[in-house]
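Reader: Please take a close look at a single part of this structure, with particular attention to its backbone and to the space enclosed within the protein.

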Amino acid sequence: MSSIADTLMERRAALINKAQEIAQKGVTEDRDLSVEEQSAFDGMFAEAGKLQERAKAIADGEKRGSELEESFRSVTGKKPDEQRQADDNKFEKWAREARVGDVFDIPAVPGAERRAMATRGSETRAMSASGGVAPDGVYGQLWQYAVAGSQLLQAGVDILNTTDGNTLPLPVATVHATTGTANAATPAVIAASGTITSNDATVTTVNLSVSKYGYLTLVPSELVQDTNFDLEGYISMAAGRELARTLSFIGTAAAIAGFTTVGVTGPAGTSTSLGVQATAGMGSDLLVNLFHSVLPEYRTNSAWVMADSSFAAIRNLKGAPNGSSIWQPALTAGDPDTILGKPAYVVPQLPSMAASAKPIYFGEMSALKIRIAGGLRFERSNEYAFGNDQVAFRTLVRTGAVTVDPNAVKFLANSAT
């Protein structure tokens with residue numbers, strides 16, 4: 001097992017020890033755990049389980065990576081990371097030496113987006129069970145910056161890569177099939193040779209199309225010429241951050257348009273807030289009701305998304321429930337804070353609380369599909385800013401977003417008054 005996997009297991013052991021200390025304190029004092037202690041205890045064990053899963057994924061990924069490397073070497077005579085390094089060197093050469101009209105296309109690296117999301121943009125090597133241990137190259141670096149700059153991507157949205165931009169029809173299940181009868185939730189017993197009652201799903205399609213987005217950045221020619229300046233790193237950082245803003249914008253618009261089921265509506269008089277915490281049906285009660293409005297099967301990998309002002313309003317709630325706070329800080333640096341035990345992410349493009357607004361969303365965000373068509377394209381021009389002696393770099397991406405399961409995510413609607 002690698003040192004990273006060992007470190008994760010050491011963190012897991014430390015969390016378990018802390019949780020056991022909390023439990024032992026209750027036993028020693030002959031009392032039940034307080035709400036805060038129980039929440040911390042449960043959170044530590046949940047985090048310990050996640051660390052074990054990550055350590056196992058890394059170990060499995062390293063094993064598969066070793067097998068992949070051997071297979072790659074037998075065919076090409078090079079290791080995968082050597083091939084990626086060659087591609088990175090090509091990007092560096094293009095950034096410093098390309099002439100007008102030279103285009104550098106960066107194809108998608110399978111799994112790079114998912115790896116960047118799993119580590120919230122901080123990981124630089126492909127160590128998941130689905131990949132090897134080679135760097136993800138320029139494409140992976142772009143996505144690390146993109147994910148680090150967009151909490152919507154961190155919330156678990158699904159990224160689809162296609163080679164072209166033709167309209168892609170996706171299935172949408174508005175009603176799921178069940179094993180019960182049409183008027184009962186319990187499974188229907190079928191006698192020998194009996195008829196199986198049909199209770200089909202309602203499935204439609206939604207077209208996932210793409211539009212072109214781009215940005216332009218200007219770099220002084222002196223920096224292009226200076227060999228000590230990490231030009232390709234700067235371009236990757238700038239492109240990744242702009243990609244984050246673009247994807248967050250179109251993803252948020254698709255979420256607002258596609259997740260149309262109200263989980264809970266604030267009572268009259270709470271059009272710009274969650275109401276009075278001490279009043280039943282207001283304050284944290286609204287968030288608890290929103291949480292339970294989502295079906296249990298969607299809550300396993302669920303998350304909260306909202307604007308920063310809404311997050312602040314939740315953190316300011318006092319004494320709920322039973323004197324505790326429904327918001328809890330992350331146990332590990334870099335992890336998201338939680339609301340009712342589920343990760344919470346700030347998405348600036350979502351609306352703030354206002355009359356009839358939809359400020360807070362909760363559910364399984366993988367029902368939001370964001371598509372990248374044809375990877376990313378870079379172009380360079382020495383003439384665009386000739387008068388200022390600057391080199392222009394342009395990045396283009398074709399992308400779009402839709403939701404495919406309106407049942408997966410619900411929202412809190414502010415009152416109209």
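Author: A strand is here a DSSP run of E of at least two residues, and strands are numbered from the N terminus. With that in mind, the loop between β9 (338-339) and β10 (342-346) holds Leu340. The model is a predicted one. Most residues other than glycine have a negative phi. Leu340, which is not a glycine, has a positive phi near 55°. Its side of the picture is completed by accessibility: Leu340 has a relative accessible area of 28%. Partly exposed covers the range between the limits of under 20% for buried and over 50% for exposed, and Leu340 is therefore partly exposed.

The next loop to consider lies between β10 and β11 (360-363), and Ser356 is found there. Ser356 also is not a glycine, yet its phi is positive, at about 65°. The relative accessibility of Ser356 is 49%, so this residue too counts as partly exposed.

The enclosed space may be taken last. A search of the whole structure gives one cavity of 30 Å³ or more. The largest cavity contains about 30 Å³ of space. Its lining consists of Leu152, Thr252, Ala255, Val305, Leu350, Tyr361 and Met365. By residue class, the lining of the largest cavity comprises six nonpolar residues and one polar residue, with no charged residue. Thr is not among the types counted as nonpolar or charged, so Thr252 is the polar member of this lining.

Definitions and conventions. Residues are numbered from 1 along each chain as its sequence is written. This is a predicted model: local features need pLDDT of at least 70, side-chain atom pairs count only at pLDDT 80 or more; totals for chains, interfaces and linings use all residues. Side-chain values use heavy atoms; hydrogens and water are left out. On a 1 Å grid over the protein atoms alone, a cavity is a set of points where a 1.4 Å probe fits but cannot get out, and a pocket is an open set with protein on both sides within 12 Å along at least five of seven lines; lining residues have an atom within 4 Å of a point. Grid points are joined across faces, edges and corners, and a volume is the space filled by probe spheres set on the points. Helices (H or I, at least four residues) and strands (E, at least two) are DSSP runs, numbered from the N terminus. Buried means under 20% relative accessible area, exposed over 50%, partly exposed in between (1.4 Å probe, protein chains only).
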